[in-house]
Structure formats: C-alpha cells, structure tokens
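User: Please take a close look at one part of this model, the central strand region of the sheet, and set it in the context of the whole chain. A connected account would be preferred to a list.

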Amino acid sequence: MRLLARRPKSDAPADAAGDTFALLRAGFLAVFATVVLASCAYVPVAVEGVATRPDIAARDAENPWIFVPTGAWITRDTVTPVSVGACPASICPERVAIAVVEARGAEARTLARSLRQPGGLATRLSEGNRRRIALVTAAQRQVPASVAARRIPHRVASRTRPLRHRAFSGFQLEMRREDGPSRIAHAAVLGRQTGAGLKVVIVVGERADQVAAAARKVADANL
C-alpha cells in the first residue's frame, strides 16, 4: 500500500482511502500513548501470524508494526478485540491494518450473515455515505458555496465478492469515489464459528492482492 505524500492543511474531506495510513499511524500512536499514561498494566497485543521482519526492525531500530493494547479498550460485551495492528510505514512489505475480533450473541449472528451475504454490507455503506452527504450539505447552507464544496463528502461506491480459505468463509470489499479516478480502499474479511460465537479477521489496505493474502495468513494463525 503506498503512502500519500504529506499535503498542506485543508478543510477538504479526506478520500476514502486517501490518508488512511497516515491517520491510522497517528490514531494507533495516540491510543497507545493514552493507555500507557493511564496504566502500566496494559501492553500491546501482537497479531498472530504477522511477519514482523526482524531484518527491517534491526535496520531501523524499531519494528514497523504498531500494535494496540486491546485489553484496555472499552467495548460492548458481545464484541471483543483480540488483537489490532497496522504497518503503515514505507518500509513495510505489506502496508495494511489488521484486526482479530470475537463476537457473541446477536453480534455474531449479524456478522455471520454478512460473511454469507456481503452484498447487504456494500448497500449499507453506500446508503450511509448518501446520508452523510445529505447531512453535511444541509449543514453548509449558510457558508459560501466554494467552502461548502470542499467540505461535502464525495459519493462512494462499494462492491463485494466472496472470499474462501480452507474452512474459513468471508468476502472482499472494494470502495472507491464515483467522481473520477482515486485511490481504492480494499478490505478482506474471513471468519469461523467458535461454539456460540464467531471469530473474525479483518484486513484493510490499498492493494487487493496484499489484503487477501494477509487475511489468509492471519486466519491460519488465529481462526
């Protein structure tokens, strides 16, 4: 996944995939710093199956992967993050964000339906995008048209296709702007039933092949 060059500040909305990993890196670092300051009891949880590339870590004096201390997260009782990490740096062989999540009860049933029929998820994403555009447009009625044009989100199109690996089932998701060429955001999701619950691997990135390969690798190690 290629990082964007740093751009000047603007009140224009970010593309769906535009500044994904600059934001991810900042977000992960912020979460990590907040948790460390709050308590020394929590440590980052590495994603099993992720190749951390010791050669890269030795060369740059740090591991390019950022892992979040998930034990400190406040979540719903029916959804638990197992491990979350991202490799957003330019030296990362695969610039992706990965999450391993466990769900129970109604949340697990909803996720299972999405794994079997991901088309509904793409529809909901598109509908949510339309609602956000309408809300932001209404909120900009009192500002100059040139300013409003920069703030109103772009229309986004989504599509899915099935993804299977061994005993795991799921889908790949693609999101892109409708109004001309832009970067494409890709996601791959694989899940497996675990008794009354469901364990899911979610990978997000800018290259479909890398996203799918990472999902298969992490699913082998976690599901």
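Analyst: The account below begins with the overall fold, turns to strand 3 and its partners, and then follows the cores, the pocket and a few individual residues.

The model is a predicted one. Its protein chain contains 6 helices and 7 strands, and these follow one another in the pattern α-α-β-β-β-α-α-α-β-β-β-β-α when read along the sequence. Of the 223 residues in the chain, 38% count as buried. Among contacts with a separation of 6 or more, 54% are made by residues 24 or more positions apart.

The 7 strands form an open sheet with the order 1-2-3-7-6-5-4 and antiparallel pairing. The edges are taken by strand 1 (66–67) and strand 4 (156–165); each has a single partner strand, so one side of each is left without a neighbour in the sheet. In general, strands of a sheet are held in pairs by backbone hydrogen bonds, in either a parallel or an antiparallel sense.

Within this order, strand 3 stands between strand 2 and strand 7. Strand 2 (residues 79–86) pairs with strand 3 in the antiparallel sense over 7 bridges, and one of the bridge pairs joins Thr80 to Glu102 of strand 3. Strand 3 and strand 7 also run antiparallel, and 9 bridges join them. Ile98 has Val203 of strand 7 as its bridge partner, while Val101 is bridged to Val200 of strand 7. Strand 3 is largely enclosed by the rest of the structure, because 7 of its 9 residues are buried.

The surroundings of strand 3 lead to the largest nonpolar core, which has 22 residues; the residues with the most contacts inside this core are Val47, Trp65, Ile98, Leu190, Val203 and Val218. At least two residues of this core come from each of strand 3 (96–104), strand 6 (185–194), strand 7 (197–205) and helix 6 (208–222). Helix 6 gives the most, with 5 residues. Ile98 illustrates how these parts meet: leaving out residues up to four places away in sequence, Ile98 touches Val47, Val50, Trp65, Ser83, Val84, Gly85, Ile202, Val203 and Val218. Apart from the largest core lies another core of 11 residues, including Leu115, Phe171, Leu173 and Val189.

A loop residue also reaches the helix 6 region. Glu48 is placed in the loop between helix 1 (20–38) and helix 2 (54–60). Beyond its neighbours within four places in sequence, Glu48 is in contact with Val218, Ala221 and Asn222. Glu48 and Val82 lie 34 residues apart in sequence, with their C-alpha atoms 10.0 Å apart in space.

On the other part of the sheet, Leu173 gives a view of the second core. Leu173 belongs to strand 5 and is buried, its relative accessible area being 11%. Not counting residues up to four places away in sequence, Leu173 touches Ala122, Leu125, Ser158, Arg159, Thr160, Ala185, His186 and Ala187. Its C-alpha atom is separated by 5.7 Å from that of His186, a residue 13 positions away along the chain.

The second largest pocket has a volume of about 300 Å³. Its lining comprises 17 residues, of which Leu111, Leu121, Phe171, Val189 and Ile202 are the closest to the pocket centre. Helix 3, helix 4 (119–139), strand 5 (168–177), strand 6 and strand 7 each supply at least two lining residues, and strand 6 gives the most, with 4. By character, the lining divides into 14 nonpolar, 2 polar and 1 charged residues. Phe171 and Val189 thus appear both in this lining and in the core of 11 residues.

Helix 3 offers a further residue of interest in Ser114, which is found in that helix (residues 105–116). Ser114 counts as buried because its relative accessibility is 12%, below the 20% limit. Setting aside neighbours within four places in sequence, Ser114 is in contact with Arg124 and Phe171.

To return to the part requested, strand 3 is joined to strand 2 by 7 bridges and to strand 7 by 9 bridges, and 7 of its 9 residues are buried. Its residue Ile98 is among those with the most contacts inside the largest nonpolar core.

Methods: Residues are numbered from 1 along each chain as its sequence is written. This is a predicted model: local features need pLDDT of at least 70, side-chain atom pairs count only at pLDDT 80 or more; totals for chains, interfaces and linings use all residues. Side-chain values use heavy atoms; hydrogens and water are left out. Buried means under 20% relative accessible area, exposed over 50%, partly exposed in between (1.4 Å probe, protein chains only). Contact means heavy atoms within 4.5 Å. A nonpolar core is a set of buried Ala, Val, Leu, Ile, Met, Phe, Trp, Tyr and Cys residues joined through side-chain atoms within 4.5 Å. On a 1 Å grid over the protein atoms alone, a cavity is a set of points where a 1.4 Å probe fits but cannot get out, and a pocket is an open set with protein on both sides within 12 Å along at least five of seven lines; lining residues have an atom within 4 Å of a point. Grid points are joined across faces, edges and corners, and a volume is the space filled by probe spheres set on the points. Ala, Val, Leu, Ile, Met, Phe, Trp, Tyr, Cys and Pro count as nonpolar, Asp, Glu, Lys and Arg as charged, and the others, Gly among them, as polar. Two strands pair if DSSP finds at least two bridges between them.
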